[in-house]
Amino acid sequence: MSLKEEIEHRRTFAIISHPDAGKTTLTEKFLLYGGAIQTAGAVKSNKIRRGATSDFMEIERQRGISVSTSVMTFHYAGKLINLLDTPGHRDFAEDTYRTLTAVDSVVLVIDCVKGVEAQTERLMEVCRMRNTPVIVFINKLDLEGRDPFDLLDELEEKLSIKVRPMSWPIGIGATFQGVYDLYRKGLRLFDPGKTKVEAMSERIEDLHDERLVARIGDAPADQLRQDIDLIEGVYDPLDITAYRHGRIAPVFFGSAFNNFGVKEVLDAFVGIAPPPGPRPTDQGEVLPDDPKFSGFVFKIHANLDPNHRDRIAFLRICSGRFQRNTYYRHVRLDKQLRFATPTNFLAAQKSIVEEAWPGDVIGLFDTGNFKIGDTLTEGATFQFRGIPAFSPELFRELVNLDPMKTKQLDKGIRQLTDEGVAQLFTQQPGNKKIVGCVGELQFEVIAYRLEHEYGARCSFQQIAAHKACWMTSTDQAALDQFIRIKAQQIVQDKDGNPVFMAPSSYMLDLERRNNPEITFHTTSEFKTEMV
Ligand code: G4P
């Protein structure tokens with residue numbers, strides 16, 4: 001196949017949801033359709049179950065699962081599909097945000113009982129930053145969920161995206177009978193006993209067709225006619241270009257557990273989801289069909305064996321052809337590297353790849369060369385943009401409990417933060433280390449891994465910090481002065497950029513008002529906006 005054909009052949013995406021909405025269940029059904037697994041129950045939930053076993057064993061279990069399911073590759077309807085896994089626990093949300101930079105579209109799962117939940121909103125914010133196309137699957141229609149019109153309103157309101165229903169539920173929970181497919185004009189009936197194969201559909205183009213009443217009964221047929229009238233009046237038809245620009249999201253209803261409505265989503269996905277697209281760099285966009293190879297690292301995974309400190313760096317290929325045993329330029333280090341054992345993850349088994357194409361994700365054996373966001377090229381000096389650092393929500397000072405192990409602690413915390421486990425900020429004088437995380441559990445992971453992998457014991461001390469703010473200003477003198485005056489609250493991020501550690505939201509507002517010439521950003525994504 002030519003480079004263009006290889007690109008057109010691929011679809012790279014992630015399934016995202018608030019924990020428990022049904023991401024794992026939907027993933028498993030997709031893999032069954034793709035023939036990548038043979039039996040239900042083969043995909044393990046990567047949720048961290050608190051209290052089930054010792055938290056630390058649970059963390060190791062989760063890390064084991066997340067290596068083997070990081071990228072699930074399967075074939076469906078003539079396409080090669082790369083499904084990137086995202087962590088199931090809220091405390092590891094930042095890992096998910098980064099994974100979203102490596103996909104070309106997402107499927108968002110919503111629980112019809114709970115509607116749009118906190119994590120859904122945050123994940124969608126990240127998708128909106130780069131206009132990632134979204135397909136919505138409203139799940140668990142077999143349960144007593146909320147009114148579907150309410151759910152659609154909530155999606156539009158909370159996620160700031162237009163929606164377009166592609167199917168419509170008939171009843172809900174105990175009265176759920178199936179869906180009407182608005183595009184193929186067919187009725188698909190739900191039979192919870194027969195969930196191995198997708199339900200057969202019957203074409204009913206005219207909703208006054210008497211077969212409709214015969215199938216679902218008088219009152220539900222009436223209701224369906226009213227609902228469909230309303231839908232056609234209120235919602236615009238699906239415009240594929242608008243979908244591909246992340247402006248409108250097609251919405252499907254179903255039940256992942258009962259394998260109802262799943263194939264529909266997969267079929268729509270292969271039909272409309274975009275192939276690998278252009279990517280922003282600090283020197284303009286790189287097109288996937290640029291014959292010269294380029295890619296970026298969006299995730300780093302440490303070896304599970306503490307005696308081997310090597311790691312796997314996950315590289316998303318953005319342009320050209322990657323080849324094994326070929327020298328490529330590591331742009332940040334200005335170093336030539338070649339890889340003897342790049343791996344892919346086909347059928348959840350790692351195997352060595354000879355070549356890979358845009359949209360593919362490969363694992364590179366790493367002895368410490370990579371940081372999240374690093375670019376590899378065939379010689380060019382550009383760096384990919386758009387791997388944002390978000391302000392963490394919790395900050396603690398790292399306290400060394402064993403002065404004899406200072407070196408190990410320093411090295412350990414640097415490597416763990418390069419891996420993206422947490423963010424590290426340093427403060428002078430004194431080289432004070434402040435670790436920022438999204439959730440409490442991450443501090444436990446860091447302390448555990450520092451001790452077991454680096455032999456360094458530490459504790460974390462509370463500090464007064466609310467948000468980490470990166471700063472920009474058109475008035476460099478004013479910015480320099482602010483940094484000087486606020487030295488007590490200025491720290492450095494891992495790249496040496498000054499960051500204002502706002503002690504409270506009140507103080508942040510105050511500084512914003514007092515320093516109108518300075519812009520305070522709670523993500524480092526503004527660097528992309530500036531390109
Ligand atoms: P997640 O990855 O998004 O966190 O969710 P997951 O798929 O693990 O699903 C969360 C729970 O919701 C699971 O139940 C799962 O069986 C259930 N579920 C998924 N889809 C449906 C559906 O269509 N209808 C209903 N009624 N339930 C659904 P669990 O009891 O937590 O786990 P398990 O014991 O079933 O594995």
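User: Is glycine 34 buried or exposed?
Analyst: Welcome! This is a predicted model, in which local features need pLDDT of at least 70 and side-chain atom pairs count only at pLDDT 80 or more, while totals for chains, interfaces and linings use all residues. Buried means under 20% relative accessible area, exposed over 50% and partly exposed in between, using a 1.4 Å probe and protein chains only. Glycine 34 has 17% relative accessibility, so this residue counts as buried.

User: How far apart in space are glycine 34 and histidine 75, C-alpha to C-alpha?
Analyst: Glycine 34 sits in the loop between H2 and helix H3 (55-68); helices (H or I, at least four residues) and strands (E, at least two) are DSSP runs numbered from the N terminus. Residues are numbered from 1 along each chain as its sequence is written, and side-chain values use heavy atoms, leaving out hydrogens and water. Along the sequence, glycine 34 and histidine 75 are 41 residues apart, yet in space their C-alpha atoms are separated by 5.4 Å.

User: Which helix gives the largest share of the shell around the ligand?
Analyst: A residue is near the ligand if one of its heavy atoms lies within 4 Å. There are 17 residues around the ligand, and those that come nearest are Asp20, Lys23, Thr24, Thr25 and Ser255. By class, the shell has five nonpolar, seven polar and five charged residues. Its largest share, three residues, comes from residues 23-33, which form helix H2.

User: How much of the ligand's accessible area does the protein cover?
Analyst: Let's begin with polar contacts, here pairs of N or O atoms within 3.5 Å. Backbone N or O atoms lie 2.9 Å from a ligand oxygen at glycine 22 and 2.7 Å from a ligand oxygen at lysine 23, and a polar side-chain atom of threonine 25 lies 2.5 Å from a ligand oxygen. On its own the ligand has 710 Å² of accessible area (Shrake-Rupley method, 1.4 Å probe). Of that area, the protein covers 65%.

User: Why does the largest nonpolar core lie between two domains, and which ones are they?
Analyst: A nonpolar core is a set of buried Ala, Val, Leu, Ile, Met, Phe, Trp, Tyr and Cys residues joined through side-chain atoms within 4.5 Å. The largest one has 62 residues, and Leu100, Val136, Ile138, Leu155, Trp168 and Leu224 touch the most other members. Helix H6 (residues 148-159) gives the most to this core, with five residues. The core lies between two domains because both of them give residues to it: domain 1 (7-69 + 77-272) and domain 2 (279-377).

User: Which residue's backbone oxygen does the side chain of arginine 98 reach?
Analyst: Arginine 98 belongs to helix H4 (residues 93-100). With a relative accessible area of 6%, arginine 98 is buried. At 2.8 Å, its side chain reaches the backbone oxygen of glycine 420.

User: Which peptide bond is cis, with omega near -5 degrees?
Analyst: Most peptide bonds are trans. The cis bond leads into proline 429, a residue in the loop between strand S25 (423-427) and strand S26 (432-437). This bond runs from glutamine 428 to proline 429.

User: What is the phi of lysine 185?
Analyst: Most residues other than glycine have a negative phi. Lysine 185 is found in the loop between strand S8 (178-181) and strand S9 (186-189), and its relative accessible area of 28% makes it partly exposed. Although lysine 185 is not a glycine, its phi is positive, at about 55 degrees.

Technical notes. A polar contact is a pair of N or O atoms within 3.5 Å; within protein, one must be able to donate a hydrogen and the other to accept it, and residues adjacent in sequence count only if both atoms are side-chain atoms. Ala, Val, Leu, Ile, Met, Phe, Trp, Tyr, Cys and Pro count as nonpolar, Asp, Glu, Lys and Arg as charged, and the others, Gly among them, as polar. Domain bounds come from an automatic or database domain assignment.
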